[in-house]
Amino acid sequence: MARSFKFVLFITVLLFQGAVAAQTGSISGTLRDKTSQEVLVGATIRLEGTSLGTSSDINGIFRLQGIPPKTYNLTVQYLGYEPLTRYNVVVTVGNEQTFNLELEPSKSGTQLAEVEVKVRKSVKVASTETPLSIQNLSLEEIKSNPGGNFDISKVVNVLPGVAGTPGGGGFRNDLIIRGGGPSENVYYLDGVEIPVLNHFSTQGAAGGPVGMLNVSFIEDVTLATSAFAAKYDNPLSGVLQFKQRDGNPNRVQGNFRLSSSEAALTTEGPLGKNTTFLASARRSYLQFLFQAIGLPIRPDYWDFQYKITHKINAKTTFTTIGLGAIDDFFFAAPKETTPENLYVLSSAPSIRQWNYTQGFALKHLTENGFWNLTFSRNMFDNRLDQFSDNFNGDQTDEAKRTLGLNSQEIENKLRFDYNVYLGDWKISYGAVAQYVKYNNNTLARIRPEVRDSAGNIIQTAITSAFDTEIAFGKYGFFGQVNRSLFNDRLAISVGARADGNTFTDQGNDIWRTLSPRASASFALADLWKINASVGRYFKIPQYTVLGFRDNTGALVNRDLPYIRADHFVAGLEYLPGKTTRITLEGFYKRYTDYPVSERTGIALANQGADFGIIGNEAVNASGIGRSYGAELFFQQKLRRNFFFTGSYTLFWTEFAGADGKYVASSWDNRHLVSLTGGYKFRRNWELGVKYRYQGGVPYTPLDLEASQRNYVFVGREILDYSRLNQERLGGAGQLDIRIDKKWNFKRTTFNLYIDIVNALASATPSYPTFTLQRNADNTGFATTDGKTLASDASNGIPIVLDDSAGSVIPNIGFIFEF
């Protein structure tokens with residue numbers, strides 16, 4: 001019996017050891033020359049700290065197998081090229097990581113003595129066109145970001161100069177970059193512009209509470225906050241580029257992710273010898289969670305994403321991508337009729353949206369460069385409905401409608417760019433053509449007529465009702481020339497673009513939008529660089545502005561010029577080690593021709609961080625603005641199982657409206673601090689910590705008398721614009737902690753994580769809001785005299801809400817790789 005037990009134990013140990021031995025992962029990818037895009041044959045690929053390595057084949061493809069699951073730094077070396085390191089590469093059994101890696105030709109030839117110095121370029125993210133004001137996030141930095149919940153838009157907030165929504169408790173993804181509003185940024189996915197990045201998007205500004213992009217598709221993210229390349233049109237504050245990886249060419253694989261708010265399924269693999277795919281679908285279940293805990297809102301969304309890559313031949317690649325979403329934000333009666341719950345029901349519109357972006361790209365390599373031809377189509381359908389007396393969440397009485405909006409934006413875009421390399425010269429040029437359609441049917445009852453007890457009119461009604469449809473063309477031309485001198489010690493870039501359209505009065509005067517830009521980078525020493533850039537950038541006003549009609553049907557905003565921003569930036573870059581990067585920059589932005597509301601006299605630069613729509617009104621181009629400050633950034637890539645990024649930004653941002661007087665803008669935080677770090681423990685445990693601090697922003701105080709008089713009709717507060725941004729919220733800090741643990745099995749991986757948002761329950765200062773007290777059974781308003789609420793609500797009981805209390809939000813979820 002004992003001998004039998006020992007035999008069984010011996011076999012069990014052998015099987016267990018065999019299972020452990022079988023638990024290995026793999027990495028694959030393609031190597032290319034960064035300039036010519038030609039594949040590199042025979043490059044050496046290694047994992048730091050191991051003897052594991054391989055080389056790229058005749059097609060530039062490599063595959064490294066038999067890797068014990070853990071985190072590594074992947075290094076690539078090739079004669080005549082700068083060495084490259086890809087940091088924080090997590091190897092698991094369930095999914096094979098795939099990379100598209102690009103090596104930069106070396107100016108020092110093959111001298112080994114210079115390799116030790118030049119290898120420090122591995123942490124460099126700048127280019128000749130954009131030598132400063134640019135940062136990069138890798139896949140793992142996005143996936144493991146504490147408090148990020150796999151939302152790329154939230155993760156970008158860790159970068160210098162980037163602030164989240166002020167006064168909103170951090171629940172929205174509006175990107176405020178160097179004091180510029182959410183409408184001043186553009187977003188590109190594999191070279192295809194995606195105008196809608198978030199669910200429940202604010203029309204005219206692109207922000208929203210939940211990002212749409214699937215993090216499993218992303219290879220890295222790059223944010224430029226100035227020195228924009230000439231090929232990008234419409235940026236005033238930021239260009240956010242998302243680079244997707246290709247599907248795995250070796251096997252079909254995927255993952256299922258379940259978090260506290262959503263479930264997502266992603267699959268990928270080969271569709272043939274030269275074709276790969278990526279596909280995903282995601283569904284929220286917040287509506288069920290909010291129903292269970294008694295909140296009155298029901299956010300429900302789906303999104304879908306795909307990418308197909310087909311290699312036609314050695315020189316030509318065809319790629320198609322797609323991204324789409326279906327959103328439904330509605331209300332239900334709350335379990336508790338608290339003033340806060342009732343305010344939500346009365347102040348926000350219900351939202352029904354859907355959108356998609358479809359892109360097709362053809363890339364062809366030439367003898368000394370390459371060209372790209374991209375066609376894309378995107379469409380955004382937006383419906384907003386709002387009613388007064390919506391305190392049970394089901395109001396549909398048309399007599400009580402305060403907002404009804406049904407709008408669509410459609411863009412068809414064709415872009416061509418050619419890139420030529422002639423020794424130390426790089427020349428890029430191209431053109432873009434677009435056909436745009438916009439329609440909007442709006443009924444907005446902004447203010448009701450109000451009479452006093454004697455029947456005298458004390459406030460006239462303000463109503464905006466129009467039905468508009470416009471269609472027009474947009475076009476642009478761009479070019480950029482780069483030159484490196486003195487063995488790559490000095491790099492200079494000069495570019496320009498001009499844009500026009502067939503709709504606005506001056507749209508075809510493209511000389512008015514001629515936007516020159518220049519940048520330079522000089523290596524003071526092997527570890528130090530001084531960088532500078534100056535540029536002029538233009539943006540066409542939002543379609544919501546251009547398509548607005550007054551009550552007579554006239555297109556009153558057709559005379560608007562393009563919005564202009566002039567940037568001046570200078571900075572230092574220090575690379576003390578191959579894993580460390582430090583930058584210091586100063587910036588100044590000057591705005592002219594900014595749209596200003598005819599009704600309020602306020603620049604639209606102060607709007608965009610709320611649900612609904614901005615710009616749906618008559619405006620003029622009298623607005624001016626300025627934003628200036630300095631940024632300090634420190635980055636430590638993965639070294640000895642530790643990584644860290646930290647930044648501090650000090651800035652001021654001001655705008656002037658109809659009166660020409662500068663006032664601190666709604667985005668004037670002054671101070672931004674971001675600290676993020678992580679440590680990789682043994683046995684695939686990982687700890688991540690993030691701390692962010694945002695200084696308090698200005699806000700416009702309430703007009704209490706007007707708020708009380710109008711509340712029954714508009715359902716929210718009225719601001720006193722004669723005191724625009726004269727008050728300021730307190731600053732807000734937040735600590736987020738995340739713990740990950742991975743278990744690798746024979747063919748699968750299970751990743752369990754716990755994400756604690758606002759672990760210290762810090763206060764989140766929010767704008768004060770206004771409501772009137774309801775009676776105990778929520779059938780009407782409470783009054784001071786016990787009578788029915790007067791027409792001017794003078795006997796109502798006002799309540800000013802201050803929703804600044806902080807709470808700890810624990811999230812738990814898992815990722816199953818197969």
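These exercises, each with a worked solution, deal with a predicted model.

**Exercise 1. A covered helix**

Task: Determine how many residues of helix α8 are buried, and state which they are.

Solution:
- Locate the helix. α8 covers residues 704-714.
- Count. Eight of its eleven residues are buried, and the helix is mostly covered.
- List them. The buried residues are Ala-706, Ser-707, Gln-708, Arg-709, Asn-710, Tyr-711, Phe-713 and Val-714.
- Look past the end. Gly-715 follows α8, and its phi is positive, near 75 degrees.

**Exercise 2. Strand order in an open sheet**

Task: Give the order of the five strands in the open sheet, and identify the edge strands.

Solution:
- Write down the order. It is β8-β15-β16-β11-β12, with mixed pairing.
- Find the edges. β8 (134-138) and β12 (192-193) each pair on one side only.
- Inspect one pairing. β11 (residues 185-189) and β12 run antiparallel and are joined by two bridges.
- Name a facing pair. Tyr-188 stands opposite Glu-193 in β12.
- Recall the principle. Strands of a sheet pair through backbone hydrogen bonds, in a parallel or an antiparallel sense.

**Exercise 3. Salt bridges and their surroundings**

Task: For the salt bridges Arg-626 to Glu-654, Asp-668 to Arg-728 and Arg-716 to Glu-717, find the N to O distance and classify each partner as buried or partly exposed.

Solution:
- Start with the total. The whole structure holds 42 salt bridges.
- Take Arg-626 and Glu-654. Their closest N and O atoms are 2.6 Å apart. This pair links distant parts of the chain: Arg-626 is in strand β34 (residues 619-639) and Glu-654 in strand β35 (residues 642-656), 28 residues apart.
- Classify both. Arg-626 counts as partly exposed because its relative accessibility is 26%. Glu-654 has 19%, so it counts as buried; the cut-off for buried is under 20%.
- Take Asp-668 and Arg-728. The N to O distance is 3.0 Å. These two also connect distant parts of the chain, 60 residues apart: Asp-668 sits in the loop between β36 (662-664) and β37 (671-680), Arg-728 in strand β40 (residues 727-728).
- Classify both. Asp-668 has a relative accessible area of 0%, so it is buried. Arg-728 is partly exposed, at 37%.
- Take Arg-716 and Glu-717. Their closest N and O atoms are 3.3 Å apart. Arg-716 counts as partly exposed at 28%, whereas Glu-717 counts as buried at 11%.
- Add a network. Salt bridges link Arg-257, Glu-262, Arg-282 and Asp-303.

**Exercise 4. A nonpolar patch and its strands**

Task: Name the residues of the nonpolar surface patch, then find the elements that give two or more residues to the patch.

Solution:
- List the members. They are Phe-642, Tyr-679, Phe-681, Trp-685, Ile-739, Trp-743, Phe-745, Leu-752, Ile-754 and Ile-812.
- Read off the area. Together they have about 910 Å² of accessible area.
- Assign the elements. β41 (732-744) and β42 (749-757) each give two or more residues.
- Check one member. Leu-752 lies in strand β42. Leu-752 counts as partly exposed because its relative accessibility is 30%.
- Connect the two strands. A hairpin joins β41 to β42 through four residues. Eight bridges join these antiparallel strands. Asn-744 has Thr-749 in β42 as its bridge partner.
- Follow β41 to another neighbour. Strand β38 (residues 685-694) pairs with β41 in the antiparallel sense over ten bridges. Here Glu-686 has Asp-740 in β41 as its bridge partner.

**Exercise 5. Positive phi without glycine**

Task: Place Asn-234 and Ala-761, two residues with positive phi, and classify them as buried or partly exposed.

Solution:
- Read the angles. Phi of Asn-234 is about 80 degrees. Phi of Ala-761 is near 55 degrees. Asn-234 is not a glycine, nor is Ala-761.
- Place Asn-234. It lies in the loop between β15 (218-224) and β16 (238-244).
- Place Ala-761. It lies in the loop between β42 and β43 (769-772).
- Classify both. Asn-234 has 12% relative accessibility, so it counts as buried. Ala-761 is partly exposed, with a relative accessible area of 34%.

Definitions and conventions. Residues are numbered from 1 along each chain as its sequence is written. This is a predicted model: local features need pLDDT of at least 70, side-chain atom pairs count only at pLDDT 80 or more; totals for chains, interfaces and linings use all residues. Side-chain values use heavy atoms; hydrogens and water are left out. Buried means under 20% relative accessible area, exposed over 50%, partly exposed in between (1.4 Å probe, protein chains only). Two strands pair if DSSP finds at least two bridges between them. A salt bridge is a side-chain nitrogen of Lys or Arg within 4 Å of a carboxyl oxygen of Asp or Glu. Patches are made of residues with over 30% relative accessible area and no salt bridge: like charges are joined within 9 Å, nonpolar side chains (Val, Leu, Ile, Met, Phe, Trp, Tyr) within 5 Å. Accessible areas come from the Shrake-Rupley method with a 1.4 Å probe; for residues, only the protein chains shown count as cover.
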